[in-house]
Amino acid sequence: MNRGRDITRGLATALLLATLAGTAAAQAQPATTTHITGWNAMTFKKPSDAELKQKLTPEQYAVTQHEGTERPFHNAFWDNHEAGIYVDIVSGEPLFSSLDKYDSGTGWPSFVRPLEPDNITTKSDHQLFMERTEVRSAHANSHLGHLFDDGPKPTGLRYCMNSAAMRFIPVDRLEAEGYGQYLSLFKKAKA
């Protein structure tokens with residue numbers, strides 16, 4: 001009988017301590033965040049499907065989780081000429097740089113190479129009755145778009161991406177958002 005009461009007291013004490021710790025942590029950080037700060041592959045854990053449905057817009061969810069495709073020329077980044085990087089909308093993992101972006105004439109943001117090749121995976125896609133190469137983020141497994149071999153030099157590749165799968169971080173926000181290691185790329189490009 002005493003053993004059961006001791007276990008109950010121990011559980012109640014643990015619950016109280018966890019609640020107090022959670023309250024202190026909540027007070028130490030902003031109540032809401034609009035994005036992930038920085039990127040760490042060691043600590044990233046993909047949110048559940050229910051969390052993704054809440055966090056993402058319906059289009060972002062359809063594109064990243066169900067291999068959707070947004071409309072050409074009617075998306076956020078097809079005509080973006082600002083300097084910065086593009087990160088996965090789900091994880092924040094760095095994907096592409098504006099330094100490698102070009103106008104492919106397709107109406108989707110296109111790049112000649114990934115910023116971080118380890119954050120990109122490819123696989124064969126046999127939808128639409130043809131073989132294509134699907135591009136996904138390595139850690140969040142988000143569908144990003146497709147890879148084609150009709151791009152410009154130096155790679156000859158065209159990473160044709162969906163804006164809905166990415167978030168853009170302008171150069172002047174890189175440091176504040178935890179991506180300061182990429183600032184040197186843009187300083188070299190200006191030189």
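Trainee: In this predicted model, is Tyr86 buried or exposed?
Mentor: A residue is called buried when its relative accessible area is under 20%. The relative accessibility of Tyr86 is 0%, so Tyr86 counts as buried.

Trainee: What is the geometry of the ring pair formed by Phe77 and Tyr86?
Mentor: Eight aromatic pairs are found in a search of the whole structure. In the pair of Phe77 and Tyr86, the ring centres lie 5.3 Å apart and the planes stand at 75°. Planes over 60 degrees apart place a pair in one class, so Phe77 and Tyr86 are edge-to-face.

Trainee: What is the relative accessible area of Phe77, and is this residue buried or exposed?
Mentor: The limit for a buried residue is again a value under 20%. Phe77 counts as buried because its relative accessible area is 13%.

Trainee: How many residues separate Phe96 from Tyr159 along the chain?
Mentor: Phe96 and Tyr159 form a tilted aromatic pair, with 5.6 Å from centre to centre and 55° between the planes. Phe96 belongs to strand E2 (residues 94-97) and Tyr159 to strand E8 (residues 158-161), and the pair links distant parts of the chain. Phe96 and Tyr159 are both buried. Their separation in sequence is 63 residues.

Trainee: Which residues are linked into a cluster by ring pairs?
Mentor: The pair of Phe96 and Tyr159 is tilted. These two residues belong to a cluster linked by ring pairs. Its members are Phe77, Tyr86, Phe96, Phe111, Tyr159 and Phe168.

Trainee: Which elements give two or more residues to the largest nonpolar core?
Mentor: The largest nonpolar core holds 16 residues, and Phe96, Tyr159, Met161 and Met166 are those with the most contacts inside it. The elements contributing two or more residues to this core are E2, E7, E8 and strand E9 (166-170).

Trainee: Which residues does Met166 contact beyond its neighbours within four places in sequence?
Mentor: Met166 is among the residues with the most contacts inside the 16-residue core. Leaving aside neighbours within four places in sequence, its contacts are Phe77, Tyr86, Val87, Ile89, Leu95, Phe96, Pro109, Phe111 and Met161.

Trainee: How many residues does the other core have?
Mentor: This core lies apart from the largest one. Val87, Leu115, Tyr179 and Leu183 are among its members, and its residues number nine.

Trainee: Which residues of E9 are buried on each side of the strand?
Mentor: Side chains in a regular strand alternate between the two faces of the sheet. E9 is mostly covered, with five of its five residues buried. Both faces of E9 are covered: one side has Met166, Phe168 and Pro170, and the other has Arg167 and Ile169.

Trainee: Which residue in E9 stands opposite Ile85?
Mentor: Strand E1 (residues 84-88) and E9 run antiparallel and are joined by five bridges. Opposite Ile85 in E9 stands Ile169.

Trainee: Which strands stand at the edges of the six-stranded open sheet?
Mentor: The order of this sheet is E3-E4-E8-E7-E6-E5, and the pairing is antiparallel. An edge strand here has a single partner strand, so one of its sides is left without a neighbour in the sheet. The strands in these positions are E3 (101-102) and E5 (120-125).

Trainee: Which residue in E8 is the bridge partner of Ser110?
Mentor: Strand E4 (residues 110-111) runs antiparallel to E8, and two bridges join them. The bridge partner of Ser110 in E8 is Cys160.

Trainee: Is Asp149 buried or exposed, and at what relative accessible area?
Mentor: Asp149 lies in the loop between strand E7 (143-148) and E8. Beyond its neighbours within four places in sequence, Asp149 contacts Gly156 and Leu157. Exposed residues are those over 50%, so Asp149 is exposed, with a relative accessible area of 69%.

Trainee: Which elements are included in what covers the buried residues of helix H3?
Mentor: In H3 (residues 58-66), the buried residues are Gln60, Tyr61, Val63, Thr64 and Gln65. Their cover includes helix H2 (49-55), strand E6 (132-137) and E7.

Trainee: Over which residues does pLDDT stay under 50?
Mentor: The average pLDDT of the chain is 84, and 79% of the residues score at least 70. The stretch under 50 has two contacts beyond four places in sequence in the model. That stretch is residues 1-35.

Note on methods. Residues are numbered from 1 along each chain as its sequence is written. This is a predicted model: local features need pLDDT of at least 70, side-chain atom pairs count only at pLDDT 80 or more; totals for chains, interfaces and linings use all residues. Side-chain values use heavy atoms; hydrogens and water are left out. Rings of Phe, Tyr and Trp (its six-membered ring) pair if their centres lie within 6.5 Å; planes under 30 degrees apart count as stacked, over 60 as edge-to-face and the rest as tilted. Buried means under 20% relative accessible area, exposed over 50%, partly exposed in between (1.4 Å probe, protein chains only). Helices (H or I, at least four residues) and strands (E, at least two) are DSSP runs, numbered from the N terminus. Contact means heavy atoms within 4.5 Å. A nonpolar core is a set of buried Ala, Val, Leu, Ile, Met, Phe, Trp, Tyr and Cys residues joined through side-chain atoms within 4.5 Å. Two strands pair if DSSP finds at least two bridges between them. pLDDT is the predictor's confidence in each residue, from 0 to 100.
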